Amino acid sequence: MADQPLLELRGVSKSFGAVQAISTVNFTAHTGQVMALVGDNGAGKSTLIKGIAGIYPFDEGEIYFDGKPVTIRSPRDSAALGIEVVYQDLALANNLDVVANMFLGRERTGGLGRLDEAGMERAAIETLNSLSVTTLRSVRLPVASLSGGQRQAIAVAKAVMWNSKLVILDEPTAALGVAQTRQVLDLVKRLAHNGLAVVLISHNLHDIFEVADHIAVLRLGQNVGVYATAQTTQQDIVLAMTAGRLTHVPGMVEA
Amino acid sequence: MSTTKSAPAENALLASQAQLSVGDYASNYFRRVRAGDLGALPIVVGLVIIATIFQTQNENFLTARNFVNLIVQMAGITTIAIGLVYVLLLGEIDLSVGYVSAVAGVTMTLLLKGGLHPLSFVIWILGLFGIDPATLESLNFQLPPLPWFGAIPLALLVAALIGILHGSIITRFQLPAFIVTLAGLRAWNGVVLILVGEGGTIVLQDKVAIGIANTYLPAVWGWIVTALMVLLYALAQFAQIRTRRRSNLAHTPIFLVLLQVLFLAVVAAAAVYITTQDRGVPVIGLILIILLAGFTYLATSTRFGRYVYAVGGNREAARRAGIQVDRIRVYVFMISSLMAGCGGLILAARLRSVATDAGGGNLVLNSIAAAVIGGTSLFGGSGRVVSALLGALVVASVENGMGLLGLSSGVKFIITGLVLLVAVLVDAISRRGRAQSGIA
């Protein structure tokens, strides 16, 4: 991790009322690498990504993007930086076809406000090709007729189509079978290979060890550590998630 | 996908862009039908059954005269149903369309007649508080009679504003459309009663306004206009093929498009021929086709239409995509009321008058039934504008046929109810088939 990170969070905190969801967390994501974010339920993973996405802006701390300090106060800010989040529920309209979903809200139009269907279809095919999504029969199928893995692929393709630099995937394999998990993991690797910074949130350590370059562990809203995947084991990560050393223990009076 | 010419085998998506043959299309179609994606098939079968039954009972059913009557009779519900298709696409409902149509009809009629008392509401309300209306009436403020090109747009504007009001209340206070438009149903009914007033009927005298539903094109013009419409359709189809070819995308085989154009031409020619045996092509029929084409374009080829489908399919996804969901909903309720208004003008023109019972009866139910029978889902996100026409054809045929047979109202209602039930059953069963085979 010698080069400059694409995204760097320094000492970010967020509390909801009396609950300190995350406190002074540091986090980095590098171009061309997959950074996994793990932690038990309530460790602050969701709060962290929602802060990056601008949904719940951080209370304090600094955010650097491409080495420059930035502020992210709304989802529009993060989208402008090139940060896209693929949420667990994917947010696809089942009744619309693949092209319509990929361009939803950003349709191309020609004269008379007419949708440029041919242009959008072409661009959708090119994006899917660049991600080597090969199992799709046609981009004119409604999303309802696709498998879970294919839907995940469409949601990812939708996210990366807009010159995005950082893609955050929230539990992309949670609801998938073996073969489809395989497809999505391949897709995650390809995203990094295509030059994007990828943040992967998952409960499945097996998946993480397969695709991640580094693993950041959160516990009770604090950093426990960042591990290089090649130099650690699943046991180490589980230990860090459940018993990692905390800088301060919530509820205890600071010495 | 048998006739792939030069597609690289390693990429299925590129391969899918290879041109499909007519045979592929045919086999795809039969596969879809077997899987339960019936399209317009049940409507066609239903219409054949309806025609057979009524023709065997009464030989006047399949006559040129009755065909022309049918077009005029179905115009009102078709127009109202076009607006309802948009509401149903959102997964919502608009129960107020019947009386909103009547409000537009009365407004137009009164404006044409002149003398509409703009203060009549104020007077009526003050009357409730015991103030003598005579003091205000003595002001004797009267509107001059407006020409048709003033009265018709104003009536439609009133209808559109009513829709904006409904939509704003529904979105602002997050109320169910069912309740808000139910309230509208009653309230606008009251407005109609007050506007029509003591007499019970206002006669429509303007020639143009009556002409909406009572003008017929001479045979020559009927043929020319129909030929132009078929030509336009063909041009649009081939323009689409050309742009898809330019982008190197798969397109419908030209043979199939020619077949479609030919089919349309034959149907249109048959319809024109039959009408020329009677009074000629009703102008209202052309208006219907223009409305259907316009609203189909809006639904399928514009951002707005795309957003309507998206909001109906997954409101949360639409919201996250940056679509202003509530604004879309208000526009859709505006369209619904506007089209109800159009329908109201057509109905007023057909009856040459507006009465206190305008917009009542089974107008709302018939219009909703038309949209649903035509294949628009009640659950949002799925349906086509043309389903308004197909469904209205069924509903109007049944009504027309039962009228010819002289059936009593009770029997008519029962049969209309059963037709709706059968249509929804066919849809539900085919939907199950589609779900099982993953066509959605």
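**Two chains, two sheets and an enclosed helix**

In this predicted model, 29 residues of chain B are in contact with 30 residues of chain A, contact meaning that C-beta atoms placed from the backbone lie within 7 Å. Local features are described here at pLDDT of at least 70, side-chain atom pairs count only at pLDDT 80 or more, and totals for chains, interfaces and linings use all residues. Residues are numbered from 1 along each chain as its sequence is written, while chains are lettered from A and ligands numbered from 1 in the order in which they are written.

On the side of chain B that touches chain A, two or more residues come from each of helix H1 (12-16), helix H11 (219-246), helix H14 (303-313) and helix H15 (315-320) of chain B. Helices (H or I, at least four residues) and strands (E, at least two) are DSSP runs, numbered from the N terminus. H14(B) supplies the largest share of this side, 5 residues. By class, the side of chain B that touches chain A holds 12 nonpolar, 12 polar and 5 charged residues; Ala, Val, Leu, Ile, Met, Phe, Trp, Tyr, Cys and Pro count as nonpolar, Asp, Glu, Lys and Arg as charged, and the others, Gly among them, as polar.

Within chain A, an open sheet of 4 strands follows the order E2-E1-E4-E5 with antiparallel pairing, where two strands pair if DSSP finds at least two bridges between them. Its edge strands are strand E2 (19-29) and strand E5 (68-70) of chain A, each pairing on one side only. Neighbouring strands of this sheet are turned by 30° against each other on average, direction ignored. Strand E4 (residues 60-65) of chain A joins E5(A) in the antiparallel sense over 3 bridges, and Tyr64(A) has Pro69(A) in E5(A) as its bridge partner.

Another open sheet of chain A has 6 strands in the order E6-E7-E8-E3-E9-E10, with mixed pairing. Strand E6 (83-86) and strand E10 (222-228) of chain A stand at its edges with a single partner strand each, so one side of each is left without a neighbour in the sheet. Here neighbouring strands are turned by 20° against each other on average, direction ignored. Strand E3 (residues 34-38) and strand E8 (residues 197-201) of chain A pair in the parallel sense over 4 bridges; Met35(A) has Val199(A) in E8(A) as its bridge partner. Helix H6 (residues 178-193) of chain A packs on the sheet and touches E3, E7 and E8 of chain A, its direction making about 150° with that of E8(A). Such angles run from 0 to 180 degrees between N-to-C directions, with axes fitted as lines to C-alpha atoms, for helices over the stretch in contact.

Helix H1 of chain A meets strands of both sheets. H1(A) lies across strand E1 (7-16) and E2 of chain A, at about 65° to E2(A). H1(A) also lies across E3, E6, strand E7 (166-170), E8 and strand E9 (214-219) of chain A, running at about 140° to E6(A). Because 9 of the 9 residues of helix H1 (residues 45-53) of chain A are buried, this helix is largely enclosed by the rest of the structure. A residue is buried if 20 or more other C-beta atoms, placed from the backbone, lie within 10 Å of its own, exposed if 12 or fewer, and partly exposed in between. Gly54(A), which follows H1(A), has a positive phi near 85°.

Most residues other than glycine have a negative phi. Ser132(A), not a glycine, has a positive phi of about 50°; Ser132(A) lies in the loop between helix H4 (117-130) and helix H5 (148-160) of chain A.

Methods. Two residues are in contact if their C-beta atoms, placed from the backbone, lie within 7 Å.
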